[in-house]
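Open the model in your viewer and keep the selection tool at hand. The stops below go one selection at a time.

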Amino acid sequence: MTLTASARPNPASRPSSIRRVWRQLSPYAYIAPFFSLFAAFGLFPLIYTAYVSLYRVELQTPGDMEWRGLDNYTALLADEFFWTSLRNTFTIGVLSTVPQLVMALGLAHVLNYKLRGRTFFRTAILLPYATSVAAATLVFAQLFGRDFGLINYGLGLVGISPVDWQTGTVASQIAVSTIVIWRWTGYNALIYLAGMQSIPHELYEAAEMDGASRWRQFVHVTLPGLRPTIVFTVIVSTIGATQLFGEPLLFEGSVSGGISHQYQTLGLYMYEQGWGFFHLGRAAAIAWVMFLLILALVGANALITRRHSRKEAGR
Amino acid sequence: MPTARAAKRAAFRLGAVVLAGALLAACGGSSDGASDSANGKVTITVDLFGSFGYKEAGLYAEYERLHPNVTIKQTDTEDEADYWRSLQTRLAGGAGLADVQGVEVGRIASVTQQQADKFEDLRKYGADALKGQFAEAKWAAATGRNGEVLGLGTDVGPEAMCYRTDLLKQAGLPTDREVLSKRWATWDGYLELGRQYKAKAPSKSAWLDSVGSLFSIMIGQEEERYYDDSGALIWETNPAIENAWNASIEASEAGLSAKLDQWSPQWNQAFSAGSFATLPCPAWMLGYIKGQAGETGKGKWDIAALPGGAGNWGGSYLAVPRAAKHKKEAYELIKWLTAPEQQSKIFAKQGNFPSATAAIAQIADATDPYFSGAPIGRIFGEAAEAAPVQVLGVHDQNVAQQITNALSEVERKGTKPDKAWENAKKGVKNIIG
């Protein structure tokens, strides 16, 4: 409270040295909350994980750290389960992201029209996003049950023999992707919808005057206008797909992602190594590989879009 | 009004700094759930897996009546593997531990060999005096290298064969437990009956739940399983494992199994649907069957002796972590819970078979109306007496899990047995290496 006292009636006279110090320091105080939180919960874990990944550390004996250098990383290259989980992450990522974004585009397009009860539908499609992963996955696991599941029952009605949604590689990945699609389609649709509403209405009117059908309007007006939004959702979905964890973990409650790792994602494999087998060093190495992978994917994405927009600009 | 503004600004700055400080301070602090020793009241927390049955048998209520200053809070995880993972994390962090933690017999070697320093040596509280109460092997398994007593035995898992009399009758098979015990005196006899059952069984009903459970129960009949006496891993070349594996493969190829992984939700649902006619059952499975099959299953189940002789599958311990808050009180509680009188009460209610010798004598004549009046005291008592004393190892549970996973691959995905065996080997190497 010294500051209050120092605020004398004549502020034009030389400011006290305390005030000068404050003027220099106060910006740091403003940003301190964010940066101290980031340092504690973002930066430190990141660096510490890198440090741990160079050692052999077991959860049961965390005190005995044994230097391994890059061995944890090279071991991953020869690790069959790692490649399986990497492949699964990719296939589940494609299986879930592509239909999700396509459906979201379609939904957003429909919701962009003047419909009766539009607000209701717009809210409704966001509901899955507001549901907890655990609850949604447990319900889907029931639906996908082999013997008593609703989906196999439905398939049975149309004469298809029951599918073992848990053990089949393709079947289980489709099942897991379904949960992801269900949860995220509405969310992406809303983002697309917001993007669509920022496209000037005149463009549509002009297109209509030229006799463009709704489909052509969608392809030639909506899609180009949405490009930045689409890029954003692709990046966010890619990151989400790379980190996919809750759905495959809870689908059968198996940290291995099924009896033969058929739907184990990278995130799940990291968890299995760290908290299933207690190999913290190896788990840390996987975490860093995931981090680098995401960086590479996002980088590639940015590169492609930049080149694309430069090409556009050059036309 | 420069003064007022300056004052306001200063106050804001100060506020920001205080806020930042408070946030940081909040990160460091932590609050404890049960801090109640001030008024002489003690809340003992108990963290268990599966079904120990203490709450169901009213033992906590009884203990609280005997000790008015004590309240007992229990948390419970159904799947032991999940429970163990979470326990290990909390042990490593030294926080969030309950005063009493359950330990499965497949993990007790990990406690005695790797984590003796994380659990209380119960000799400190006079546990030495209890040694004579327990079956010798049960006591020895929870003893550390330097003679520490790291847990008190709750139950053991003598094995028998549970079966559905109504389903066997529909398939024209005998339902009398004495007759069946003779017909399936060997595992070959059991599989042969299975083939007969399959030929005439109601649709959608298999002979047993999964070949994984067949493997597990057969392994229980062996003395040496995954490790030898010296602590070396021998499972890959152990003829006993090979034998159980081959029988499981045979059952799978004959189509005798309902292909339900144990402990999965599908498996749980199958109890009431009658998807399988027999279920290899250690004593603690009785409570599980009652829970899953419910009232409608009463009188439909019966119990006969296990094919191929006596065995043991599972059983547990109660231990007190070093980081527990009320160690003394926790010891008093587990001493009481594992005393012969309480063990026999649990058996009468849940079927968990006692590890205290006096309790085994007390329940010799027990029968269970749920299981068509089967003499469970005699059946499991004889099995407990004849069961081999098993060599335990640190990774018993993990190896077993990999093998049953491989067997699931064979029966559910049609993986070739040789390939599945290789998968199990790779899985174990991934865990241990």
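Select residues 28-51 of chain A. This stretch is 100% helix and 0% strand, and its end C-alpha atoms are 29 Å apart. Bear in mind throughout that the model is predicted. Next, select residues 123-144 of chain A, where the chain is 77% helix and 0% strand. The C-alpha atoms at the two ends of that segment lie 27 Å apart.

Both selections come from a record: an unreviewed UniProt entry lists residues 28-51 and 123-144 of chain A under "transmembrane region". The entry lists residues 90-111 and 285-305 of chain A under that heading as well. Colour the four segments to see where they lie.

Now hide chain A and show chain B as a cartoon. How many helices and strands does chain B have? The count is 18 helices and nine strands. The C-alpha trace of chain B spans about 100 × 50 × 50 Å along its principal axes. Among contacts in chain B between residues at least 6 apart in sequence, 76% join residues at least 24 apart.

Switch chain B to a surface. Its accessible surface comes to about 17800 Å², and carbon and sulfur atoms account for 52% of that. Of the 433 residues in chain B, 56% are buried.

Return to sticks for the aromatic side chains. Over all chains, the model holds 45 aromatic pairs. One of them joins B:Trp184 and B:Tyr190, with 5.7 Å from centre to centre and 65° between the planes. That angle makes the pair edge-to-face, because planes over 60 degrees apart are counted that way. Are these two residues buried or exposed? B:Trp184 is buried, at a relative accessible area of 0%, and B:Tyr190 is buried too, with a value of 0%.

Move to B:Phe347 and B:Phe353. Their ring centres are 5.4 Å apart and their planes stand at 90°, so this pair is edge-to-face. Both B:Phe347 and B:Phe353 are buried.

For a larger group, select B:Trp263, B:Trp267, B:Phe271, B:Phe276, B:Trp284, B:Tyr288, B:Trp301 and B:Trp313, which form one aromatic cluster. Show the rings as sticks and rotate the view to follow the cluster from ring to ring.

The last stop pairs a charge with a ring. Select B:Lys138 and B:Tyr317: the charged end of B:Lys138 sits over the ring of B:Tyr317, 4.3 Å from the ring centre.

How values were computed
Residues numbered from 1 in each chain as written. Chains lettered and ligands numbered in written order. Predicted model: local features only at pLDDT ≥ 70, side-chain atom pairs only at ≥ 80, totals over all residues. Heavy atoms only, no water. UniProt positions renumbered as here; feature names shortened; annotations may be inferred. Helix = DSSP H or I, 4+ residues; strand = E, 2+ residues; numbered from the N terminus. Phe/Tyr/Trp six-rings, centres within 6.5 Å; stacked < 30°, edge-to-face > 60°. Buried < 20%, exposed > 50% of the residue type's maximum accessible area, 1.4 Å probe, protein only. Lys NZ or Arg CZ within 6 Å of the ring centre and 35° of its normal. Contact = heavy atoms within 4.5 Å. Areas by Shrake-Rupley, 256 points an atom, 1.4 Å probe, with all protein chains shown as cover.
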